[in-house]
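Here's a quick briefing on pockets and one helix. Have the viewer open while you read.

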Amino acid sequence: MIMPGVDDDAIRNTGGQVDDLAMAMIDAAYDREADCRDQICDALFDLGKKRPALVLSSAYSYLKKHNKLQTGHRVVLLQCMERIIKETLSELEPPLAVDVIKQAAMELTVSKEVMPEWQTAASGVLVSLGARFCDEVMDEMLQRFQPGILPHFFVIQTIGNLATSNVYGMVPHLTAVLGTMLPMLGMAKHENMRWVFSSAISKFSEAIIDYCANTDKAPDPSVSKERFEQEIGSAFDVLFNSWLHITKEMKLRVAIVEAIGNMCHLMARDKLEEQLPKILQVILGLYKKHPEPIHVTQGLCSVLDAVCIEGNTVLEPNLDTVLGFLFPQIINPPDYKNPQSIKNHNEVLRCLAIIARSFSGKLTGILLSKLESGNEKMKIGMLTVFKHLINAATESMQDKQEVVVSGLKMMLSEQNNKLKKVFAQVVIAMAHHGYLELEGGQQMIEFIIKQSALKNDPPGKKSPDPEYVSNQALRTMCDHVLQLLTTTVEDMEHVLWPYLLELIVPEQYTEAQGVVCKCLSHLATKKRKEQTEDYEIDFETHANIPKPEALIARLMVLAGRPQNGRNRGIHVLTLMQGLVPNLNENLVELWDTVIPKLIQYLE
């Protein structure tokens, strides 16, 4: 059976038969053949996008009428309804929405047992409608969420998911929800109920944080975190001081740690500071119990985010302990075939960027110390952290830029290509954030050019190291780095010009002259054309730049062998033309006439 998609012409031409078509598809939606079932559902979805009221009301009526319908059929219809609602929510009339909400709430709780597929599908309908009809959905949920009675698992989960999907609609309900929920926590004896309560409280906390961070868009700007301090503090006492210590279920631990991380943002400051050593001890202890660290790191990150604010140093007594757990995870590189490993690596870096808010000076000192004394893995790890801090903790590191540039000079004489590759990435980050404009910045540029001047690896046995970085690979990378800095980082112009001219004549940089001349020609041609103030070079002021005669001689020699230095000829000639007014006024007319012809010949 092939069920085609439903187009506008088909709908118009069937007239009154559309109702029958919709009902026929609804009736056949649970076909025994999976492929056929998918085709029917897709066709029903296509029709629903164009006639949402028709399809949703038909599906609602069908579900209401057929109480004995197979569970699988109910699931398929609820899933299709959710898809249609997500696409057409703004078009739905409130009476129909209320009917569907009541039916979905019944589907959610008619079975007292947990039947995940059915109840997840019903919850999906409620949450998707809650994006617009939040109060109506909550009316149904609160009827099933009464004081003193442990509610259905999926009622709690639905309320939690609503808090994620509709922050502004749900936060006004949360004072009442938490007031009813807190006494229930003592009634939750099974792990699955404790898990769903923990997950919901985590989502409530996230919603409150989000709401308070965006009060300019919120319906009630007077809502503040402080309004929830007492309820969140009470929930914390149960989850942290009771449940977390007695459970051995990993899934529940993860949910509690996530909830604690979010609750820390809402707890009273004095309580948070008092509890912080215990919180950190417990969370850090979970690293030994969990083979997959990502969830622990996420929880830790959220706790750190709550305490490292406005220069607060409450973390200081525990800082070395926290770093003692974070640094080993950075030193051991992630498994790039494992997305969770990569995610954890990035989350650890985020933890360190957060710590930098309150301890940028101390953290910089520790990183430089480990960089100086560590082995290869340690150094790569510390450079990776520096790159992240420079990019992601810009404000925190602002007043440490000089210390960083000065401290990283130790890398300029590094001989290990793997380390040089990572350091080159750090140089890119520094360039983008103004570090290279400081004293010592030009030495970082010279480091890049040294790598562009590397000769090929000697022929012979290849390194057994799978992460080995050849001279050719490092040279190519640094060629790209220099071009990137020249053409895309606007503030680098006055760092590179006219400084790069100092590196034209030295013999050790001959192999790099292709890229050096390419970058210089870009700058010189642009500045000559625009007649910028800094185009004209004062050779007395810039005493380290070779005199015009020496530059002319060197450029003529380089141009004489245009295929060398990775086909440098065109770049050398372009630089000669762009630079000529600075070299000798008498050569301007000649070079402007001859050089374009030579370039054309080389092309």
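Below are some notes on the model, then the two pockets, then the helix.

This is a predicted model, where local features need pLDDT of at least 70, side-chain atom pairs count only at pLDDT 80 or more, and totals for chains, interfaces and linings use all residues. Residues are numbered from 1 along each chain as its sequence is written, and side-chain values use heavy atoms, with hydrogens and water left out.

**Largest pocket**
- Its volume is about 620 Å³, taken as the space filled by probe spheres set on the grid points, which are joined across faces, edges and corners.
- A pocket here is an open set of points on a 1 Å grid over the protein atoms alone, where a 1.4 Å probe fits, with protein on both sides within 12 Å along at least five of seven lines; lining residues have an atom within 4 Å of a point.
- The lining has 22 residues, with Pro-333, Tyr-336, Ile-380, Thr-384 and Val-422 nearest the centre.
- α16 (316–331), α17 (339–373), α18 (376–392) and α21 each give two or more residues to this lining, and α18 supplies the largest share, six.

**Second largest pocket**
- This one comes in at about 280 Å³.
- Of its 13 lining residues, Lys-112, Leu-150, Pro-151, His-152 and Phe-153 sit nearest the centre.

**Helix α23**
- Helices are DSSP runs (H or I, at least four residues), numbered from the N terminus.
- The 18 residues of α23 (471–488) should span 26 Å at 1.5 Å a residue (1.5 Å times one less than the number of residues), and the end C-alpha atoms are 25 Å apart, which agrees.
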